[in-house]
Amino acid sequence: MQDTASLSEEIVHGKGYVLLPELFIPRKIAEARLHLLKLATEEPTGRILKSDKRSRLYRLLDEAEIFEQMVQHPQVIEVVEAVLGSDMTLGGFSAHILYPGATNMGAHVDYPYFTMKPPYPATPIMEVQAIWMMEDFTETNGAPLFAANTQKLCQFPDPKRFAESAHKLTGKAGSVVLSHGLCWHDTSINYSNQPRVSVLGNYNPKFIRPLENPAQQVSPTVLEQASPKLKQLLGYEFQTAIFKDVQRLQSNIVPEVDGVNSEC
Ligand SMILES: O=C(O)CCC(=O)C(=O)O
C-alpha cells in the first residue's frame with residue numbers, strides 16, 4: 001500500500017484517482033451487498049431512485065454497521081482529508097446498482113462541479129468520490145471507466161476524447177476507488193447476468209452544500225452513538241471548524257489546505 005502523501009498526490013497531480021485494494025473481507029462485503037439488493041427489491045419509500053436497469057439507494061447509515069465503517073474507513077479518511085482538509089464533510093452516501101444489461105450512465109464530473117459553468121476552478125478541490133466495489137468488478141460487469149489526468153482540464157467531458165482515453169478500473173470486492181471530482185468518469189455496460197453493486201461516498205469541503213444531506217437522513221439512535229469522525233462527516237462540527245478558521249485568520253496562519261497550483 002502506498003503512503004497517504006503519494007496517494008493524495010496521485011489524485012491531485014497524477015492520474016486523478018487511486019485504488020485501495022480489499023479493505024474489507026469478502027464475507028462482510030457479500031453480506032452487505034445482499035442486504036442492499038434485498039432493500040432495493042423492497043423499494044422503501046424515499047430511499048430509492050430507479051431508472052432503466054439502474055437503482056440508487058439512500059439512507060444507508062441506518063441500515064447496517066458496515067456502512068458506518070465504510071464511510072469513515074481510516075485509510076479512506078486519511079487520503080480524502082489530505083486532499084480536502086481535515087474538516088471535510090460527507091455530501092452523499094448511497095448504493096448504485098447496475099442490473100444485467102445496464103448501459104453506461106454517461107461521462108461526467110461530480111457534484112458540485114456539474115452544477116457550475118466550465119471551466120471549473122482548479123482550487124479549492126470541491127469533491128472526492130469513493131466508489132466501493134461490493135463484488136469483484138470485472139471487465140464485463142459494469143466497472144467504472146476513468147480518463148486519467150482529466151481533472152487537470154477543468155472541463156466537462158468531451159465524449160469523443162473520453163471514449164479514446166478512458167479505461168476500466170477493475171478490482172476485488174471490498175476495494176475502493178478514490179477520485180478527484182473533476183476526473184472524467186462513467187460506468188460501463190453490465191454484460192454479466194448479476195447485478196453490479198457499488199457504494200458511493202461523496203466527500204466535500206465543509207463549505208459545499210451537501211448533495212443528499214446525510215445528516216437529516218440519520219436516525220437519532222445512529223447519531224447518539226456516532227463517533228466524533230462520523231459527526232464531523234455529518235456536519236456537526238461545522239461551527240467548531242469555522243471557529244478554527246477565524247482563529248487562523250486572526251493569527252495570520254496560512255490555511256491547513258492551501259490548495260494546489262492551478263493546472264487549468
Ligand atoms: O457506480 C459507479 O461505478 C460510479 C457511479 C458514479 O460515478 C456516480 O454516481 O457519480
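This briefing describes the surroundings of a ligand, the pairing of several strands and the packing of two helices. The model is predicted. Eight named positions, from His-96 to Leu-200, appear in the shell around the ligand. Helix H1 and helix H4 cross at roughly 55°.

**The ligand and its surroundings**

- The residues that surround the ligand are His-96, Asp-110, Ile-131, Pro-144, His-185, Thr-187, Ser-198 and Leu-200.
- Two elements each give two or more residues to this shell, namely strand S9 (185–187) and strand S10 (196–204).
- Sorted by class, the shell around the ligand consists of three nonpolar, four polar and one charged residues.

**The open sheet of S7, S6 and S9**

- Three strands form an open sheet in the order S7-S6-S9, and their pairing is antiparallel.
- The edges of this sheet are strand S7 (167–168) and S9, each of which pairs on one side only.
- Strand S6 (residues 144–146) is joined to S9 by three bridges, and these two strands run antiparallel.
- Within this pair, Pro-144 stands opposite Thr-187 of S9.
- Both Pro-144 and Thr-187 also belong to the residues around the ligand.

**The strands S2, S3 and S4**

- Strand S2 (residues 48–51) pairs with strand S3 (residues 54–57) in the antiparallel sense, over four bridges.
- Leu-49 has Arg-56 in S3 as its bridge partner.
- The hairpin of S2 and S3 has two residues between the strands, and Lys-53 in this hairpin takes a positive phi near 60°.
- S3 also pairs with strand S4 (residues 89–98), again in the antiparallel sense and over four bridges.
- Arg-56 has a bridge partner in S4 as well, namely His-96.
- His-96 is in turn one of the residues that surround the ligand.

**The packing of helices H1 and H4**

- Two packed helices are described by the angle between their axes and the distance between the axes.
- The axes of helix H1 (residues 4–12) and helix H4 (residues 74–84) come within 9 Å and cross at roughly 55°.
- Because of this angle, H1 counts as oblique to H4.
- The crossing of H1 and H4 is right-handed.
- On the side of H1, the residues in contact are Thr-4, Ala-5, Leu-7, Ser-8, Ile-11 and Val-12, and they meet Glu-78, Val-79, Ala-82 and Val-83 of H4.
- By class, seven nonpolar, two polar and one charged residues make up the contact of H1 with H4.

Notes: Residues numbered from 1 in each chain as written. Predicted model: local features only at pLDDT ≥ 70, side-chain atom pairs only at ≥ 80, totals over all residues. Near = placed C-beta within 6 Å. Nonpolar A, V, L, I, M, F, W, Y, C, P; charged D, E, K, R; others polar. Pairing = 2+ DSSP bridges. Axes fitted to C-alpha atoms, helices over the stretch in contact; angles between N-to-C directions. Parallel < 35°, antiparallel > 145°, perpendicular 65-115°, else oblique. Left-handed = near helix turned anticlockwise from the far one by under 90°. Contact = placed C-beta atoms within 7 Å.
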